[in-house]
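Biologist: I'd like a close look at the empty space in this structure. Could you walk me through the pockets and the cavity, and then the packing that goes with them?

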Amino acid sequence: MHRVFVDGSTGTTGLDIITRLRARSDLELITLDASDRRDMKARIDVIHAADVSVLCLPDDAAQALVSALGNSDARLLDASSRHRTDPSWAYGLPELCEGQRARIASSTRVSNPGCYPTGFLLTVRPLVDAGLIDKKAELTMHAVSGYSGGGKQMIARYEAAAHNLAARPYALALNHKHLPEMRVHAGLDRAPLFSPMVSNYYKGMITQVPLCASASQQQVHQLLHERYSDEPFVHVHPLDDTTCLDQGALPADGANDTNRIDLFVFGDDAHVLLTARFDNLGKGACGAAMQNLNLMLGIDECTGLHR
């Protein structure tokens with residue numbers, strides 16, 4: 001029986017992870033009394049008692065806790081964005097490249113990936129590694145997410161509006177906080193131009209990277225198919241797959257309530273459209289955290305997760 005502590009249990013991610021942990025018979029969830037949740041010593045004591053602690057904290061609070069722990073060998077899985085480009089932390093995307101799964105399993109410090117970077121990296125990184133995308137390329141990514149990705153305040157706002165709020169582009173200054181993570185882990189010299197949008201449905205995410213084809217659609221599709229053929233949570237759809245379309249459109253919620261990410265290759269003779277679809281609270285956040293937690297504890301990584 002492995003013991004797990006979640007530090008920060010009031011936000012969307014923390015609450016979802018706690019729900020998932022309570023459904024597991026092989027894990028014991030350690031909790032703190034409400035009066036101790038702001039007591040640094042009490043938190044550090046329970047972190048040392050746990051096999052792994054999951055940090056569901058704002059970036060600054062996560063950094064303060066890590067600093068207070070010092071050189072402790074306590075095992076941490078950080079769901080904030082604070083440590084995602086820190087080379088002393090393992091980046092928690094097992095499918096990223098060869099050896100990444102082993103790095104996660106052996107590390108005492110793992111940073112859970114962001115939702116948008118997950119879609120970007122799993123479509124782009126294989127092409128960078130193969131030389132089909134130049135490291136100096138100026139890429140663009142468009143994306144849409146359900147409003148649950150904005151946390152409790154955004155959820156309350158959309159639900160109070162009875163779902164009448166229109167789709168809303170944001171990060172219009174092209175400075176989204178996920179950009180450094182995308183650049184570093186894709187192996188690119190510069191971050192992509194990234195245009196995200198939140199829409200009036202609860203969860204589900206699509207990311208799209210358009211390319212002027214340096215390789216054919218068939219070559220790109222074959223590369224992704226071979227790269228992920230043994231990955232339990234990555235599903236590469238047939239080339240130009242129309243079976244998932246609804247009157248020509250791709251529903252964003254098609255992978256909801258799973259830890260699966262669907263990859264598609266669309267386009268024409270001159271262009272390739274790399275498309276990823278996944279649950280922003282699943283493979284984009286809490287499902288990814290459970291997958292990493294399984295790896296850190298030496299458990300089959302698919303335990304408790306749906307494909």
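Modeller: Here is a tour of the pockets first, then the cavity, then two buried residues and a helix pair. Keep in mind that this is a predicted model.

Let's start with the largest pocket, which has a volume of about 840 Å³. Its lining counts 36 residues, and T13, A79, G149, G151 and K177 are the ones that lie nearest the centre. Where does the lining of the largest pocket come from? At least two residues each are supplied by helix 1 (12–22), helix 5 (115–129), strand 7 (140–146), helix 6 (151–160) and helix 9 (282–296). If you care about the chemistry of that wall, the lining of the largest pocket splits into 19 polar, 13 nonpolar and 4 charged residues.

Now for the second largest pocket, with about 480 Å³ of space. It is lined by 20 residues, and D7, G8, S9, T10 and R37 sit closest to its centre. Strand 1 (2–7), helix 1 and strand 2 (27–30) are the elements that give two or more residues to this lining. Helix 1 has the largest share there, with 4 residues. Helix 1 is also on the list for the largest pocket. By class, the lining of the second largest pocket comes out as 10 nonpolar, 5 polar and 5 charged residues.

What about space that is closed off? There is 1 cavity of 30 Å³ or more in the structure, and the largest cavity holds about 40 Å³. Around the largest cavity you find L127, L132, I133, L211, A213, S214, A215, V220 and V272. That lining has 8 nonpolar residues and 1 polar one, with no charged residues.

One of those lining residues, L211, has a number that falls within strand 10 (residues 205–212), and T207 is placed in that strand as well. Is T207 buried or exposed? T207 has 1% relative accessibility, so it counts as buried, the cut-off being under 20%. Setting aside neighbours within four places in sequence, T207 touches Y116, G119, F120, M141, H142, A143, L274, T275, A276 and F278.

Helix 9, one of the suppliers of the largest pocket's lining, also holds L293. With a relative accessible area of 1%, L293 is buried. Its contacts beyond four places in sequence are V4, L21, L27, V52, V54 and L77. For a sense of scale, the C-alpha atoms of L293 and A160 are separated by 34 Å, and the two residues are 133 apart along the chain.

Last, the helix pair. Two packed helices are described by the angle between their axes and the distance between those axes. For helix 2 (residues 40–49) and helix 3 (residues 59–69), the axes come within 11 Å and cross at roughly 70°. That angle falls in the 65 to 115 degree range, so helix 2 and helix 3 are roughly perpendicular to each other. On the helix 2 side, the residues that meet the partner are M40, R43, I44, I47 and H48, while helix 3 brings A64, L65, A68 and L69. By class, this contact between helix 2 and helix 3 has 7 nonpolar residues, 1 polar and 1 charged.

Technical notes:
Residues numbered from 1 in each chain as written. Predicted model: local features only at pLDDT ≥ 70, side-chain atom pairs only at ≥ 80, totals over all residues. Heavy atoms only, no water. Axes fitted to C-alpha atoms, helices over the stretch in contact; angles between N-to-C directions. Parallel < 35°, antiparallel > 145°, perpendicular 65-115°, else oblique. Contact = heavy atoms within 4.5 Å. Nonpolar A, V, L, I, M, F, W, Y, C, P; charged D, E, K, R; others polar. Buried < 20%, exposed > 50% of the residue type's maximum accessible area, 1.4 Å probe, protein only. 1 Å grid on protein atoms, 1.4 Å probe; cavity = no way out; pocket = protein on both sides within 12 Å on 5 of 7 lines; lining within 4 Å. Points joined across faces, edges and corners; volume = space filled by probe spheres on them.
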